[in-house]
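Visitor: I would like to learn how to read a structure like this one, feature by feature. Could you take me through it slowly?

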Amino acid sequence: MTKSDALFVDEGIKSLIPQRSPILMVDTLYEATTDEATAGLTVKEGNLFCKDGKFTEPGLIEHIAQSASAFAGYSARLQGKPAPVGYIGEIKKFHLNRLPDEGSTLLTHIKIMGVVGNVSLLTAEVSVDGDIVCTTNLKIAIEEK
(Lines give C-alpha, C1' and ligand atoms only; values in the text may rest on other atoms or scores of the structure.)
Protein backbone atom coordinates (compact mmCIF):
# COMPACT_ATOMS: atom_id res chain seq x y z
CA MET A 1 0.00 0.00 0.00
CA THR A 2 1.22 3.45 -0.81
CA LYS A 3 0.20 6.84 0.53
CA SER A 4 -0.54 7.98 -3.02
CA ASP A 5 -3.44 5.48 -3.15
CA ALA A 6 -4.72 6.23 0.37
CA LEU A 7 -8.13 7.66 1.26
CA PHE A 8 -6.70 10.21 3.75
CA VAL A 9 -3.09 11.20 4.38
CA ASP A 10 -1.24 13.45 6.85
CA GLU A 11 -3.24 16.68 7.42
CA GLY A 12 -6.37 15.14 5.87
CA ILE A 13 -6.54 12.49 8.60
CA LYS A 14 -7.32 15.28 11.08
CA SER A 15 -10.81 15.60 9.57
CA LEU A 16 -11.57 12.06 10.81
CA ILE A 17 -10.18 12.04 14.36
CA PRO A 18 -10.10 14.47 17.31
CA GLN A 19 -6.42 13.93 18.25
CA ARG A 20 -3.75 16.49 17.43
CA SER A 21 0.01 16.73 17.84
CA PRO A 22 1.83 15.58 19.91
CA ILE A 23 -0.64 12.73 20.53
CA LEU A 24 -1.57 12.18 16.86
CA MET A 25 -0.62 8.52 16.23
CA VAL A 26 -2.14 7.80 12.81
CA ASP A 27 -1.23 9.57 9.58
CA THR A 28 -2.89 7.50 6.86
CA LEU A 29 -6.19 5.74 6.17
CA TYR A 30 -5.36 3.43 3.27
CA GLU A 31 -8.69 1.66 2.76
CA ALA A 32 -12.02 0.95 4.43
CA THR A 33 -15.05 -1.26 3.88
CA THR A 34 -18.14 -1.57 6.08
CA ASP A 35 -16.34 -3.65 8.72
CA GLU A 36 -12.59 -3.47 8.00
CA ALA A 37 -9.97 -0.79 7.51
CA THR A 38 -6.24 -0.39 7.10
CA ALA A 39 -4.46 2.60 8.58
CA GLY A 40 -0.84 3.56 9.15
CA LEU A 41 1.74 5.66 10.93
CA THR A 42 5.31 6.49 10.09
CA VAL A 43 7.00 6.68 13.49
CA LYS A 44 9.06 9.85 13.42
CA GLU A 45 12.15 10.51 15.51
CA GLY A 46 11.17 12.13 18.79
CA ASN A 47 7.68 10.58 18.83
CA LEU A 48 6.10 10.95 22.28
CA PHE A 49 5.87 7.15 22.63
CA CYS A 50 9.45 6.33 21.58
CA LYS A 51 12.08 5.25 24.05
CA ASP A 52 15.62 4.18 23.18
CA GLY A 53 14.78 4.22 19.45
CA LYS A 54 11.72 1.94 19.83
CA PHE A 55 7.98 2.68 19.55
CA THR A 56 6.59 1.37 22.86
CA GLU A 57 3.49 -0.62 23.81
CA PRO A 58 1.41 2.43 24.89
CA GLY A 59 2.15 3.98 21.49
CA LEU A 60 1.04 0.83 19.69
CA ILE A 61 -2.22 0.75 21.65
CA GLU A 62 -2.86 4.45 21.04
CA HIS A 63 -2.08 3.96 17.35
CA ILE A 64 -4.56 1.07 17.14
CA ALA A 65 -7.25 3.10 18.91
CA GLN A 66 -6.68 6.07 16.59
CA SER A 67 -6.75 3.75 13.56
CA ALA A 68 -10.19 2.60 14.75
CA SER A 69 -11.15 6.24 15.28
CA ALA A 70 -10.10 7.15 11.72
CA PHE A 71 -12.18 4.23 10.46
CA ALA A 72 -15.21 5.40 12.49
CA GLY A 73 -14.72 8.99 11.30
CA TYR A 74 -14.54 7.85 7.68
CA SER A 75 -17.68 5.71 8.08
CA ALA A 76 -19.52 8.63 9.70
CA ARG A 77 -18.45 10.97 6.89
CA LEU A 78 -19.93 8.58 4.31
CA GLN A 79 -23.24 8.87 6.19
CA GLY A 80 -23.04 12.66 6.36
CA LYS A 81 -22.47 12.62 10.13
CA PRO A 82 -19.71 14.18 12.24
CA ALA A 83 -16.81 12.01 13.38
CA PRO A 84 -17.70 10.31 16.68
CA VAL A 85 -15.57 10.41 19.82
CA GLY A 86 -14.62 7.05 21.31
CA TYR A 87 -12.85 5.76 24.39
CA ILE A 88 -10.93 2.54 24.96
CA GLY A 89 -13.15 0.40 27.20
CA GLU A 90 -11.02 -2.75 27.26
CA ILE A 91 -7.78 -4.09 25.86
CA LYS A 92 -7.73 -7.87 25.67
CA LYS A 93 -5.30 -10.46 24.37
CA PHE A 94 -2.53 -7.97 23.54
CA HIS A 95 0.32 -9.97 22.06
CA LEU A 96 3.62 -8.24 21.29
CA ASN A 97 6.13 -9.88 18.97
CA ARG A 98 8.55 -6.94 18.93
CA LEU A 99 8.70 -3.17 19.29
CA PRO A 100 8.99 -1.26 16.00
CA ASP A 101 12.00 0.98 15.43
CA GLU A 102 11.77 4.74 15.06
CA GLY A 103 11.41 5.44 11.36
CA SER A 104 9.22 2.35 10.81
CA THR A 105 5.94 2.57 8.96
CA LEU A 106 3.18 0.75 10.83
CA LEU A 107 0.38 -0.85 8.80
CA THR A 108 -2.64 -1.65 10.94
CA HIS A 109 -5.60 -3.78 9.96
CA ILE A 110 -8.78 -3.23 12.00
CA LYS A 111 -11.79 -5.54 11.82
CA ILE A 112 -15.08 -4.81 13.58
CA MET A 113 -16.28 -8.06 15.12
CA GLY A 114 -19.54 -6.67 16.46
CA VAL A 115 -21.37 -3.70 17.85
CA VAL A 116 -23.46 -3.81 21.01
CA GLY A 117 -25.21 -0.54 21.77
CA ASN A 118 -22.52 2.13 21.66
CA VAL A 119 -19.62 -0.34 22.10
CA SER A 120 -17.63 -1.70 19.16
CA LEU A 121 -15.63 -4.91 19.49
CA LEU A 122 -12.64 -5.07 17.19
CA THR A 123 -9.48 -6.97 16.41
CA ALA A 124 -6.27 -5.32 15.29
CA GLU A 125 -3.04 -6.49 13.74
CA VAL A 126 -0.05 -4.16 13.36
CA SER A 127 2.75 -5.02 10.96
CA VAL A 128 5.98 -3.47 9.73
CA ASP A 129 7.26 -4.57 6.32
CA GLY A 130 4.92 -7.59 6.42
CA ASP A 131 6.15 -8.70 9.86
CA ILE A 132 3.41 -8.76 12.54
CA VAL A 133 4.57 -6.72 15.55
CA CYS A 134 1.42 -7.01 17.68
CA THR A 135 -2.21 -8.15 17.78
CA THR A 136 -5.02 -7.31 20.17
CA ASN A 137 -8.75 -7.10 20.75
CA LEU A 138 -10.35 -3.83 21.88
CA LYS A 139 -13.69 -2.60 23.08
CA ILE A 140 -14.29 1.00 22.08
CA ALA A 141 -17.16 2.95 23.66
CA ILE A 142 -18.60 5.62 21.39
CA GLU A 143 -19.76 8.82 23.06
CA GLU A 144 -23.48 9.31 22.57
CA LYS A 145 -24.50 12.74 21.32
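Visitor: How many bridges join E2 to E3?

Guide: In this model, which is predicted, E2 and E3 run antiparallel and are joined by four bridges. One of the facing pairs sets Leu29 opposite Ala39 in E3, and the two strands form a hairpin with three residues between them.

Visitor: And how does E1 join on to E2?

Guide: E1 and E2 also pair in the antiparallel sense, here over two bridges, and the bridge partner of Val9 is Thr28 in E2.

Visitor: In what order do the strands of the whole sheet stand?

Guide: A general idea helps when you look at any such sheet: in a regular strand the side chains alternate between the two faces of the sheet. Here the sheet is open and has seven strands, in the order E1-E2-E3-E7-E8-E9-E6, with antiparallel pairing. Strand E1 (8–9) and strand E6 (86–96) stand at the edges and have a single partner strand each, so one side of each is left without a neighbour in the sheet.

Visitor: Which residue is the bridge partner of Val126 in E9?

Guide: The partner of Val126 is Cys134, and this pair belongs to a pairing in which strand E8 (residues 119–128) and strand E9 (residues 131–142) run in the antiparallel sense over 10 bridges.

Visitor: What packs on the sheet, and at what angle to E7?

Guide: Helix H1 (residues 57–78) packs on the sheet, where it touches E1, strand E2 (28–32), strand E3 (36–42), E6, strand E7 (105–116), E8 and E9, and its direction makes about 60° with that of E7.

Visitor: How should I read the helix, and is H1 largely enclosed or left open?

Guide: The general idea is that an α-helix has 3.6 residues a turn, so residues three or four places apart point the same way. H1 has 22 residues and spans 32 Å from its first C-alpha to its last, close to the 32 Å expected at 1.5 Å a residue. Of those 22 residues 16 are buried, so H1 is largely enclosed by the rest of the structure. Just after H1 comes Gly80, which takes a positive phi of about 75°.

Visitor: Which residues touch Ile112, leaving aside its neighbours within four places in sequence?

Guide: Ile112 lies in strand E7, and, with those neighbours left aside, it is in contact with Asp35, Phe71, Leu121 and Leu122. Tyr87, by contrast, is 25 residues from Ile112 along the chain, and the C-alpha atoms of the two are separated by 15 Å.

Visitor: How does one look for empty space, and what is the volume of the largest pocket?

Guide: In general, rolling a probe the size of a water molecule over the atoms shows where empty space is left. The largest pocket here has a volume of about 740 Å³. Of the 31 residues that line this pocket, the closest to its centre are Ala72, Pro84, Val85, Ser120 and Ile142. The elements that give two or more residues to the lining are H1, E6, E7, E8 and E9, and H1 gives the most, with nine residues.

Visitor: Where do Ser104 and Leu99 lie?

Guide: Ser104 has its place in the loop between E6 and E7, and Leu99 lies in the loop between E6 and E7 as well. With 11% relative accessibility Ser104 counts as buried, because the cut-off for that word is under 20%, whereas Leu99 is partly exposed, with a relative accessible area of 23%. Not counting residues up to four places away in sequence, Ser104 touches Leu41, Thr42, Val43 and Val128. Leaving aside neighbours within four places in sequence, Leu99 is in contact with Lys54, Phe55, Thr56, Glu57 and Leu60.

Visitor: Which residues does a cis peptide bond join, and what is the phi of Asp10 and of Asp129?

Guide: The cis bond joins Ser21 and Pro22, with omega about 10°, and Pro22 is found in the loop between E1 and E2. Asp10, which lies in the loop between E1 and E2, has a positive phi of about 45° although it is not a glycine, and at 38% relative accessibility Asp10 counts as partly exposed. Asp129, in the loop between E8 and E9, likewise is not a glycine and has a positive phi of about 50°, and Asp129 is exposed, with a relative accessible area of 79%.

Definitions and conventions
Residues numbered from 1 in each chain as written. Predicted model: local features only at pLDDT ≥ 70, side-chain atom pairs only at ≥ 80, totals over all residues. Heavy atoms only, no water. Pairing = 2+ DSSP bridges. Contact = heavy atoms within 4.5 Å. Axes fitted to C-alpha atoms, helices over the stretch in contact; angles between N-to-C directions. Expected span 1.5 Å × (residues − 1). Buried < 20%, exposed > 50% of the residue type's maximum accessible area, 1.4 Å probe, protein only. 1 Å grid on protein atoms, 1.4 Å probe; cavity = no way out; pocket = protein on both sides within 12 Å on 5 of 7 lines; lining within 4 Å. Points joined across faces, edges and corners; volume = space filled by probe spheres on them.
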